[in-house]
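Got the viewer open? Here is a short tour, one selection at a time.

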Amino acid sequence: MSSAIVELNDVIKDYPLGKLTVHAVRGVSIRIEKGEFTAIAGPSGSGKTTILNLIGCVDVPTSGKVSVAGSLTNDLGDRALTALRLHKLGFIFQSFNLIGVLNVFQNVEFPLLLQGGMSKGERAKRVDRIVEEVGLTAHVKHRPNELSGGQRQRVAIARALVTNPAIILADEPTANIDSATGHSIIELMKQINDEQKTTFIFSTHDQKVMEQARRIILLKDGVVVDDNAQNGDGQASGAAGEKLSGTDEVEE
Amino acid sequence: MISSLRVLLLLTFRSLFSHKAKSLIVGGIIAFGTFLLIVGTSLLDSVEASMEESITESVTGQLQVYSADARDALSLFGGMAMGEDIGEIDDFAKVKEVLEAVPNVKSVVPMGINNSTIMGGNDFDRVLGELQVAVDTSDAAGVSDSIEQLRNLAAYMASDYENRLAIAADPTESQEALDTLKTVQDDAFWTDFKLHPAKGMRTLETKIAPLSDDGRLLFLRSLGTDLTAFAKNFDRFEIIEGERVPEGKRGFLLNKRLDDRFMKNIVARGFDSLHKSVVEDGDKIEGDAKLEALVAQNVRQYQRILFEMTPADGRALRTELARLLDEDGELKELLKTFLDVDDDNFLERYTFFYDQIAPKIQLHEINVGDTVTMRTITSSGYFKAINIKCYGRFQFKGLEKSDLSGMFNLIDMISYRDLYGMMTDEQRAELSQLKEDVGVKAVKREDAEAALFGGDGPVESASTPKDKSHRDFDLDSRLKVEVQDVSGDTFTQEEIDHGMARHAAILLEDPERIDETQVALEAAIAKNDLNLKVVDWQEASGIVGQFVIVFRVVLYIAIAIIFLVALVIINNSMVMATVDRIGEIGTMRAIGAKRGFVLAMFLLETFSLGMCTGTLGAGAAVGLMFWLGKVGIPATTDVLVFFFGGPRLYPEVGMINILFGLVVIVLVSLISTLFPAWIATRVQPIEAMQRRD
Ligand SMILES: Nc1ncnc2c1ncn2[C@@H]1O[C@H](COP(=O)(O)OP(=O)(O)OP(=O)(O)O)[C@@H](O)[C@H]1O
Ligand SMILES: [Mg+2]
């Protein structure tokens with residue numbers, strides 16, 4: 001497995017649902033190298049969120065192995081998983097999930113405070129730089145509810161970035177914003193990926209968004225039906241894109 | 001660590017402000033709880049402190065000792081009737097020596113409680129005495145005054161026997177009495193009296209006097225003590241009439257409160273009660289059944305004025321009354337009209353009563369300077385009587401109006417011991433021999449008391465006509481009790497100390513150090529084999545002292561209930577707030593916040609809310625207490641006067657009350673946050689993913 005920053009091996013995830021069992025992920029193996037910019041695509045219910053949660057260390061597989069930044073999450077307890085999330089991962093959520101009582105600066109600063117070990121000045125410098133990067137310098141003192149959806153997602157990106165994580169996970173980061181803004185958000189992520197080689201993994205079922213990714217892993221009913229990295233074409237679109245557009249998926 | 005504390009604080013204050021409803025509810029409850037707690041405990045502490053003063057400075061001292069063999073608990077205020085076995089301290093001097101050597105002990109005062117009776121004045125006997133003097137001094141005016149009074153009394157007695165004749169099963173006795181009385185109502189008797197006064201006196205004494213009432217039976221409860229030491233050590237004690245019993249002399253002092261309540265002329269007492277209700281409490285007689293009854297009773301008791309007055313005084317009073325009432329008539333009728341007071345004329349008549357009537361009658365059963373015969377049943381069950389002088393009246397400063405302070409008269413220790421009548425084994429043997437000789441069966445103490453004190457009516461038998469049981473009460477003759485005249489006896493400090501006491505008051509230099517002193521005393525007692533137990537004033541005072549404990553328990557229960565409710569409400573609103581914040585908490589957890597962080601966030605939130613609103617509540621409480629401490633809380637009832645240590649309570653709020661209040665409230669709020677905080681720590685980071693806002 002060597003250099004892979006994320007590796008899923010025969011991962012199965014079942015959810016008990018009353019007396020039934022929902023097989024959300026039914027045997028998925030994925031390898032993602034450091035610095036990749038990957039989209040996980042697929043229709044609703046195909047298991048995108050489940051896989052991101054497994055990678056994001058907020059969930060553990062029913063069977064199979066999930067390795068994130070060199071750690072096998074199966075073996076870890078809540079403390080270790082929390083530490084892994086804090087130090088190695090950054091999250092961008094579909095609903096932004098900013099902390100409402102904190103302003104932009106404080107939201108971005110929050111993970112640094114949780115990490116500790118940084119002086120106030122250093123923190124401020126880092127936060128300011130990243131806020132500038134996402135273009136929100138004018139809004140540092142604003143509360144989340146004073147921002148637009150796109151601006152909020154930029155704050156979320158800044159917050160995910162601020163700790164210099166190895167991997168940034170984004171579950172449908174553009175689902176709650178209009179498509180133009182969504183496009184610019186993905187572009188921003190891509191730019192950061194280019195500059196800082198941060199590994200990005202995001203999910204989407206939006207064709208256009210998907211096409212911005214360099215690698216697309218296509219899921220259906222909990223299994224990988226296409227992966228352009230494995231297909232060998234290093235570019236988006238192609239087979240995977242077509243396969244998705246073939247389904248009658250409608251954005252919610 | 002420090003930085004995460006900073007973000008914690010930030011989060012705390014931000015969320016306190018953004019969840020206003022929750023903060024307001026929880027904060028309000030906390031503020032109110034703190035307020036209540038501080039006010040409640042401060043008031044109680046103040047009452048306890050005041051009551052402690054009332055009790056310790058008037059009777060108990062800070063501590064009391066009594067025999068460890070006692071079968072009953074010492075209970076100086078209430079609870080202790082007669083016959084409690086609190087044991088005996090055989091040699092007080094030894095106890096005093098040992099205990100006064102203990103650090104912080106200022107003095108040890110011997111004590112014992114005695115219940116005895118005295119006979120109140122008998123009008124007929126009194127006037128007869130006056131007649132004898134007038135005859136002896138050939139005071140013609142005096143003689144005819146007394147004769148007039150005696151004839152009035154005889155007429156009154158006759159009317160009484162007539163009433164009895166009507167209801168008596170066996171009329172012979174009443175009929176005989178009536179016939180005898182008729183002779184003295186005849187002018188012929190008195191014409192003859194003037195010629196042969198000696199013969200007339202004999203008839204009056206032997207035939208008429210026995211038909212009169214025995215007089216009122218008065219019940220005296222006295223605390224026997226070293227009177228000098230008592231006066232020196234009990235700061236609230238003050239003589240208001242007469243003087244202290246001179247050192248080394250036998251004597252007793254009347255408690256003003258007790259005296260006013262039970263031993264004052266019944267009409268005067270009626271006026272006093274009315275004065276309290278009408279003038280002090282501002283009640284109206286009209287429409288108030290109790291007060292109206294009181295007025296009616298006073299009207300019925302007119303004889304208690306009429307018969308206590310010399311004819312000359314009566315004539316003077318008649319003139320004054322006619323002027324006051326602006327009508328003419330017989331004194332008796334005028335008196336009745338006078339006593340029928342109403343709201344408009346009450347104050348005027350009250351003043352008139354004390355200015356014009358009181359000086360002409362015997363206002364109190366016992367006057368300062370009188371020597372009375374105290375009768376009691378000794379510890380060994382025998383009747384004992386001593387003649388003893390009343391030197392003065394006293395009260396306890398600030399507690400003038402408290403009935404509880406009027407529980408005891410004071411009597412010198414030596415007389416107390418006489419009345420207590422402890423016998424040595426030798427004396428006991430002698431007595432049983434005597435008993436056998438005379439054929440008197442040993443009277444059981446309880447039976448004897450029942451015979452002596454009758455039911456429970458403490459004193460009054462004002463116009464109860466003479467009946468069988470009353471006549472039986474002629475104890476001195478019936479049981480051949482020898483009345484010992486001790487009024488002239490003297491004694492030394494030695495004699496006071498070297499003898500028996502029932503219990504002793506221990507006064508401390510520094511009352512604050514009561515607990516450690518109690519321990520030291522117990523150690524000294526054990527070391528010297530004194531076989532005593534030490535109790536604090538609260539325990540020693542019995543039910544009264546423990547009222548505060550009861551109040552405290554009630555207060556704490558009330559507070560506990562309030563806090564239970566607060567707990568539920570705080571808990572509920574916090575759980576609701578937690579549910580509202582699941583997404584936020586999940587996000588924090590996903591980003592990398594530990595469970596401890598979430599817990600700390602919740603606890604800190606309530607803690608800071610608790611501190612802020614608790615301080616507000618405490619501020620309000622302190623404000624209120626300061627205000628109350630300035631204006632005072634009036635003692636509206638007798639009992640309150642005692643609890644408040646005076647007519648008003650000036651409560652103080654102690655640092656300890658404030659700290660206690662804050663600590664308790666913060667604890668309560670933290671406890672009520674534990675459950676919601678625990679729920680919060682269980683929130684999974686995955687919740688962040690499902691969030692829709
Ligand atoms: N906590 C859960 N309990 C039970 N079933 C679950 C749970 N989470 C997901 N599932 C089920 O697992 C399957 C995969 O869900 P998942 O959320 O991963 O799909 P998705 O591709 O993210 O869908 P969408 O595009 O709608 O977000 C679905 O059938 C879903 O109903
Ligand atoms: Mg999903």
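Among contacts in chain A between residues at least 6 apart in sequence, what percentage join residues at least 24 apart? It's 69%. Keep in mind as you click around that this is a predicted model.

**Stop 1: chain A as a whole.** Select chain A and colour it by secondary structure. You should find nine helices and ten strands. Of its 252 residues, 53% count as buried. Switch on the surface: the accessible area of chain A is about 10,300 Å², with 49% of that belonging to carbon and sulfur atoms.

**Stop 2: ligand 1.** Now pick ligand 1 and show what surrounds it, which is 14 residues. The closest are A:Ser44, A:Gly45, A:Lys48, A:Thr49 and A:Thr50. By class, the shell breaks down into five nonpolar, seven polar and two charged residues. Strand S1 (4-17), strand S2 (20-33) and helix H1 (48-55) of chain A each put in at least two residues, and H1(A) gives the most, with three.

Next, turn to the oxygen atoms of ligand 1 and look for these pairs:

- A:Lys48: a polar side-chain atom is 2.7 Å from a ligand oxygen.
- A:Gly47: here a backbone N or O atom lies 3.0 Å from a ligand oxygen.
- A:His205: a side-chain N or O atom is 3.5 Å from a ligand oxygen.

On its own, ligand 1 has 620 Å² of accessible area, and the protein covers 67% of it.

**Stop 3: helix H5 of chain A.** Select residues 149-161 of chain A, which make up H5. Put a distance label between the end C-alpha atoms and you'll get 18 Å, in agreement with the 18 Å expected for 13 residues at 1.5 Å a residue. Then show side chains: the buried residues include A:Gly150, A:Gln153, A:Val155 and A:Ala156, and the run from there through A:Ile157, A:Ala158, A:Arg159 and A:Ala160 to A:Leu161 is buried too. What do the buried residues of H5(A) pack against? In chain A, their partners are strand S6 (89-92), helix H3 (104-115), helix H4 (120-133), strand S7 (167-171) and helix H6 (179-196). Show chain B as well, since helix H26 (582-591) of chain B is also on the list.

**Stop 4: an unusual backbone angle.** Stay in chain A and go to the loop between S7 and H6, where you'll find A:Glu172. Most residues other than glycine have a negative phi. A:Glu172 has a positive one, near 45 degrees. Its relative accessibility is 9%, so A:Glu172 counts as buried.

**Stop 5: over to chain B.** Select the whole chain: 29 helices and 13 strands, with 51% of its 693 residues counting as buried. Its accessible surface comes to about 31,800 Å², and carbon and sulfur atoms hold 57% of that. For contacts in chain B with a separation of 6 or more, 79% are between residues 24 or more positions apart.

Chain B has a positive phi to check as well: B:Asn104, at about 75 degrees. Find it in the loop between helix H3 (92-100) and strand S2 (105-119) of chain B. B:Asn104 is buried, with a relative accessible area of 10%.

**Last stop: helix H17 of chain B.** Select residues 413-420 of chain B. Is H17(B) mostly buried or exposed? Eight of its eight residues are buried, so the helix is largely enclosed by the rest of the structure. Now look at both ends. B:Asp412 caps the N-terminal end, with a side-chain oxygen 3.0 Å from the backbone nitrogen of B:Ile414. After the helix comes B:Gly421, whose phi is positive, near 60 degrees.

How values were computed:
Residues are numbered from 1 along each chain as its sequence is written. Chains are lettered from A and ligands numbered from 1 in the order in which they are written. This is a predicted model: local features need pLDDT of at least 70, side-chain atom pairs count only at pLDDT 80 or more; totals for chains, interfaces and linings use all residues. Side-chain values use heavy atoms; hydrogens and water are left out. Helices (H or I, at least four residues) and strands (E, at least two) are DSSP runs, numbered from the N terminus. The expected span of a helix is 1.5 Å times one less than its number of residues. Buried means under 20% relative accessible area, exposed over 50%, partly exposed in between (1.4 Å probe, protein chains only). Contact means heavy atoms within 4.5 Å. A residue is near a molecule or strand if one of its heavy atoms lies within 4 Å of it. A polar contact is a pair of N or O atoms within 3.5 Å; within protein, one must be able to donate a hydrogen and the other to accept it, and residues adjacent in sequence count only if both atoms are side-chain atoms. Accessible areas come from the Shrake-Rupley method with a 1.4 Å probe; for residues, only the protein chains shown count as cover. Ala, Val, Leu, Ile, Met, Phe, Trp, Tyr, Cys and Pro count as nonpolar, Asp, Glu, Lys and Arg as charged, and the others, Gly among them, as polar.
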